[in-house]
Amino acid sequence: SDHAHMLTSIRFVLSKQALAFTRVRTMASLHPLFQLHWESVTKESIASETADLVQKSKRVFDAVGRLNPTEVTFDNTIKVLADNKRFHDTRRAIVDFPHHVHPDKEIRNASTEADKVLSEFDVEMSMRQDVFNAVVAFKEKGSFEDLTIEARRLVDRMIVLGKRNGLHLPSEKQEKVKEIKKRMSDLSINFSKNLADENSVVEFTQDDLVGLPEDFVQSLDKTDEGKFCVSLKYPHYFPAMKKARYPRTRQLLEAAFLSRCKEPNTKILEELVVLRSQLSELLGYKNHASYITELRMSKTPETVRKFLAELGERIGPLRDRELDVYLEYKTKECSEFGYENDGRINGWDYRYYMNMVEEKEYSVDQHKLKEYFPLDVVTEGLLSIYQDLLGLKFAEVSNPDVWHKDVKLFSCTDAESETLLGCFTWTCIHAKGSTVMRPFSVY
């Protein structure tokens with residue numbers, strides 16, 4: 001399925017030249033800012049890096065907060081804050097990243113705790129009234145109009161974000177906003193951690209898995225009784241939902257998948273709904289939807305509702321025609337194999353019959369198709385496209401210090417200036433306890 005997702009980005013035959021990637025970089029050639037040494041990552045190193053990052057960022061906010069309104073300039077206020085955000089976010093990603101992928105649960109837990117510490121710190125800094133006043137004071141200076149469009153937009157956005165944090169409100173309301181935001185941050189982190197630590201499986205006999213490719217079935221772990229263990233992670237769940245012929249198998253998987261961390265995460269969601277409503281009300285918004293859409297293209301919930309309603313009217317007939325086709329295939333298959341037919345397309349039927357239509361009516365067999373697109377060819381082709389589109393140059397780092405032998409590390413430089421912009425990892429592997437299934441992770 002990973003191949004199928006990446007294939008959508010490739011629309012032409014790749015030449016040998018397009019696949020030519022340099023592999024000249026080494027870990028030592030990277031700027032220290034972009035180096036994460038996995039072998040030396042420990043609970044203590046994560047805690048130490050977190051404390052250092054908090055201390056360095058706080059010094060920047062303190063310096064800006066001490067400025068008198070007459071002293072503020074673009075360089076000592078706006079630029080300093082922007083540079084600190086770039087540094088802070090980059091280093092934070094390195095501290096935060098292990099909780100997504102590290103094979104050691106203790107390291108993942110330490111990274112999660114670091115995420116909580118930094119999230120709380122971020123809330124504290126975002127609520128700095130003295131820093132907000134310094135930004136407002138700069139905008140009120142005549143030099144604001146002399147800035148570039150980008151710089152003016154940055155200043156305006158800083159002020160908007162400050163107001164969205166309640167810095168225009170009385171101090172007692174600001175404290176309540178801060179309290180709610182910290183609690184929401186903790187809840188969100190716990191929600192993600194619960195999903196990351198979730199490792200339940202559904203056990204099936206070989207007959208239950210009829211229709212699935214043999215190589216997929218044989219790759220599954222087995223119980224002592226000989227049953228096959230299908231996890232609820234994407235590399236197992238999606239292939240099974242697309243190819244498992246037995247309806248009961250798909251139904252059980254769908255129910256288990258949608259019930260992951262049901263009890264703890266339901267409680268989290270229920271509390272989050274209340275907190276979001278309270279926060280929106282405190283900040284003067286009609287509801288959470290109004291608060292969220294303010295900074296987005298839609299601007300208002302009404303625009304979103306109108307768009308979805310109009311879209312639904314237009315695609316409704318197409319949806320109905322497609323579901324009728326799926327139902328025809330379901331009726332035929334249930335009759336052929338003696339399965340019960342309830343006369344409708346259920347949630348656990350959707351991907352299966354969509355895949356069947358692709359294969360039978362459009363001759364698209366993803367399992368066969370991926371044989372013609374080896375992962376290394378697709379990877380290099382996809383990256384070549386992005387190099388050309390974005391004016392970048394990627395170089396694979398030799399002997400990278402990463403968390404798994406199959407993970408690749410690339411440096412990213414500006415093609416024109418050759419300035420090192422950052423690094424990214426490419427991985428389509430899944431390890432127990434890991435949540436990273438996307439090809440890219442950037443830092």
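1. The largest pocket of this predicted model holds about 1,400 Å³ of space. Its lining comprises 41 residues, and those closest to the pocket centre are Lys-85, Asp-122, Ser-126, Leu-161 and Asn-165.

2. The lining of the largest pocket is mixed in character, with 20 nonpolar, ten polar and eleven charged residues. At least two lining residues come from each of α2, α3, α5, α6, α7, α8, α12 and α13 (288-293).

3. The largest nonpolar core contains 35 residues, and Leu-81, Val-135, Phe-138, Val-155 and Leu-283 have the most contacts inside it. Two or more of the core residues are given by each of α2 (43-65), α3 (74-96), α5 (105-126), α6 (129-139), α7 (149-164), α8 (171-197) and α12 (262-282). The greatest contribution, six residues, is that of α6.

4. Val-155 illustrates the packing in this region. Leaving aside residues up to four places away in sequence, Val-155 touches Ile-78, Val-135, Phe-138, Lys-139, Phe-144 and Leu-147. Apart from the largest core lies another, of 16 residues, which includes Leu-209, Val-230, Ala-240 and Leu-253.

5. As for the protein overall, its secondary structure consists of 17 helices and eight strands. Of its 443 residues, 40% are buried. Among contacts with a separation of 6 or more, 63% join residues 24 or more positions apart.

6. The exposed surface of the protein amounts to about 25,300 Å², of which carbon and sulfur atoms supply 53%.

Key:
Residues numbered from 1 in each chain as written. Predicted model: local features only at pLDDT ≥ 70, side-chain atom pairs only at ≥ 80, totals over all residues. Heavy atoms only, no water. Core = buried A, V, L, I, M, F, W, Y, C linked by side-chain atoms within 4.5 Å. Buried < 20%, exposed > 50% of the residue type's maximum accessible area, 1.4 Å probe, protein only. Helix = DSSP H or I, 4+ residues; strand = E, 2+ residues; numbered from the N terminus. Contact = heavy atoms within 4.5 Å. Areas by Shrake-Rupley, 256 points an atom, 1.4 Å probe, with all protein chains shown as cover. 1 Å grid on protein atoms, 1.4 Å probe; cavity = no way out; pocket = protein on both sides within 12 Å on 5 of 7 lines; lining within 4 Å. Points joined across faces, edges and corners; volume = space filled by probe spheres on them. Nonpolar A, V, L, I, M, F, W, Y, C, P; charged D, E, K, R; others polar.
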